[in-house]
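Trainee: I should like to learn how the features of a structural model are read. May we go through them in turn?

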Amino acid sequence: MIRFIIAAVFIVAGIFVFAAAAFGVFKFKYVLNRMHVAAKCDSLGALLILIGCMILGGFSFMTLKLLLILLILWVTSPVAAHLIVKAEVKTQNEDDSDEYEVIGK
Amino acid sequence: MIILEFALITFLIVCAIAFTFSKRLLTSVIIFMAYSLIMSIIWLIMESPDLAITEAAVGAGVTSVLLFLALKKVNALKGKKDE
Amino acid sequence: MSNSNYNKDKIPSTHSKAPWNAFVGWVNGDTPEDKFEKPELYQAPKQSHDAHNEESAVQQTPMPQAENEQEYNTDHTEQGHFLLKEKFTKFYKVYIVIAVIIGCFVVGILAYAVCCLPPYGYAENPVNNEVSEKYLEDGLEDTGATNAVAGMILDYRAFDTFGESTVLFVAVIAVTMLMKRSMNKKDEEGERLVAHETEIDKKDQNLILKYGAMILVPFIILFGVYVILNGHISPGGGFSGGAIIGGGLMLYAMAFGHEKISKIITYRSFTVITSCALLTYAGCKAYSFYTGANHLGGDIPKGIAGAILSGGFILPLNICVGITVAFTMYGFYSLFSKGDI
């Protein structure tokens, strides 16, 4: 029971972080602010939720798999966020309304 | 589980409609990526992991990269500083 | 509409090229309204007109009138374009109405068909007929594969999968014909573009992507190999594993540039390996036909179900399909981005 409560606390914290990320992505206007929110909260929320799952599932082979998922997420997510931000910075214009605008309707 | 399925299918329909109505091709491709990812999760829920793996690899990964490259090839991505 | 007479007098030859120009305009995504709202854009060619503008600003004379007309005559395609757009504009509203009607009609038919479907999971559905029962009950015994899907697509329906691989192969051939820069002919534009891209690659170090790819690519390719080799035991198979390996190769090419990967995969090795994989598949299938075509590898030992070396021909066929798909995906990427393999 105590284990369940601890796991629930972790998972709810992770969901809160993700909700904050979603709120921030909608709230902020500029691309870099939005990417800041998205990238940071991605890593932290994944950590919290996966720790909750590990506690919930107990120590078994599944724990190792969850750890691998966490490692993969921690490697890929910051790199992807960095690349998106880099594309934004590279294509920055003075009137930064329509970067990467696509011709054609 | 039923709530999750309904949420996923709702998101799938929203993605399909947004994919059709988006004005920019780049946005369309990104929405298509999201569509493929949701679709792969739905395949997993419907107990066909083979299709889920294929959909995640082909639909969300390779196809999107090829579409981005095609957009770049026909110079549909405007606003690059390097050009 | 008012200057259509004028256009007809000036350019009589546009009507022959009309459908082609319409198609080109449609592909380019020009909506008819654009042309209709600002026709003055098309009365003046862009660059020369700018130059004239500067001159006339100095001289204060409407000098470029005559030259404009001459350029008007030479500029056949743009004018034809304009004419056709006018024609399309008439039908544009009708087109929207017709599209909505057809869409509602099709949606109605589909909704009606969905209403007539039997309930999901009902015991007497046509899904639950004897064919699927046969596959599910005798699949393990017949094919020796624990994964029923792999047993089905690579044993009962191996010919179908052969067709799928061939479709991918034909697609990459077509893309090669379209995209590959010719070796004999001088393609200065393409070479300039490629040089430009490589220069950008060199200038742009992208260390974070490189280190990320250095960590990830081996594991991605390893996972792909695992999915292929375990295709007959666990979920997965040749197509998904090949797509994963292709994605890993793409990531490698994206991070480290084309020069490094073209040392490993040249055009020659690409064609040889892909063709050999397809030919091996065809050979296995031909053997199965020769021995009666009952199902693939009828007299091949099945092995213990669940072991790696089991399932008759399924493992080599998975490997063949995986190689074909991986190299095809990488070939698409390489041809699209660089125009060469």
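Mentor: Let us begin with the term on which the naming of loops depends: helices (H or I, at least four residues) and strands (E, at least two) are DSSP runs, numbered from the N terminus. Please keep in mind that this is a predicted model.

Trainee: Where is B:Glu47 found in those terms?

Mentor: B:Glu47 is found in the loop between H2 and H3 of chain B.

Trainee: What is notable about the phi of B:Glu47?

Mentor: The general idea is that most residues other than glycine have a negative phi. B:Glu47 is not a glycine, yet its phi is positive, at about 60°. This residue is also exposed, because 8 other C-beta atoms lie within 10 Å, and a residue counts as exposed at 12 or fewer.

Trainee: How should confidence be read in chain B?

Mentor: Where pLDDT is low, the predicted coordinates should not be read in detail. In chain B the mean pLDDT is 85, and 92% of the residues reach 70 or more. Helix H3 (residues 49–73) of chain B has the lowest confidence, with a mean of 88, whereas helix H2 (residues 25–45) of chain B has the highest, at 90.

Trainee: Is B:Val29 buried or exposed?

Mentor: The cut-off for a buried residue is 20 or more other C-beta atoms within 10 Å. B:Val29, which lies in helix H2 of chain B, is buried because 20 such atoms are found within that distance.

Trainee: Which residues is B:Val29 in contact with, leaving aside its neighbours within four places in sequence?

Mentor: The contacts of B:Val29 are B:Ser64, B:Leu67, B:Phe68 and B:Leu71. As a general point, an α-helix has 3.6 residues a turn, so residues three or four places apart point the same way. For a separation in space, take B:Cys15: it is 14 residues from B:Val29 in sequence and 11 Å from it, C-alpha to C-alpha.

Trainee: How many residues of H1(B) are buried?

Mentor: The number buried is 0 of the 20 residues of H1(B), so this helix lies largely in the open. Its length can be checked as well: at 1.5 Å a residue, helix H1 (residues 2–21) of chain B should span 28 Å, and its end C-alpha atoms are 29 Å apart, which agrees.

Trainee: How many residues of chain B are in contact with chain C?

Mentor: On the side of chain B there are 14, and they are in contact with 18 residues of chain C. The chain B residues that touch chain C divide into 9 nonpolar, 2 polar and 3 charged.

Trainee: How does one describe two packed helices?

Mentor: Two packed helices are described by the angle between their axes and the distance between the axes. In chain C, helix H12 (residues 238–264) and helix H14 (residues 314–337) pack at an angle of about 35°, and their axes are 7 Å apart. The crossing of H12(C) and H14(C) is right-handed. The residues of this contact divide into 13 nonpolar, 8 polar and no charged. Among those from H12(C) are C:Gly238, C:Gly242 and C:Gly246, while those from H14(C) include C:Tyr330 and C:Tyr333.

Trainee: What is the secondary structure of chain C, and what is that of chain A?

Mentor: Chain C comes to 14 helices and 0 strands, and chain A has 3 helices and 0 strands. Of the 341 residues of chain C, 26% count as buried; in chain A, buried residues make up 11% of 105. Among contacts between residues at least 6 apart in sequence, 75% join residues at least 24 apart in chain C, and 61% do so in chain A.

Notes. Residues numbered from 1 in each chain as written. Chains lettered and ligands numbered in written order. Predicted model: local features only at pLDDT ≥ 70, side-chain atom pairs only at ≥ 80, totals over all residues. pLDDT = per-residue confidence, 0-100. Contact = placed C-beta atoms within 7 Å. Expected span 1.5 Å × (residues − 1). Nonpolar A, V, L, I, M, F, W, Y, C, P; charged D, E, K, R; others polar. Axes fitted to C-alpha atoms, helices over the stretch in contact; angles between N-to-C directions. Left-handed = near helix turned anticlockwise from the far one by under 90°.
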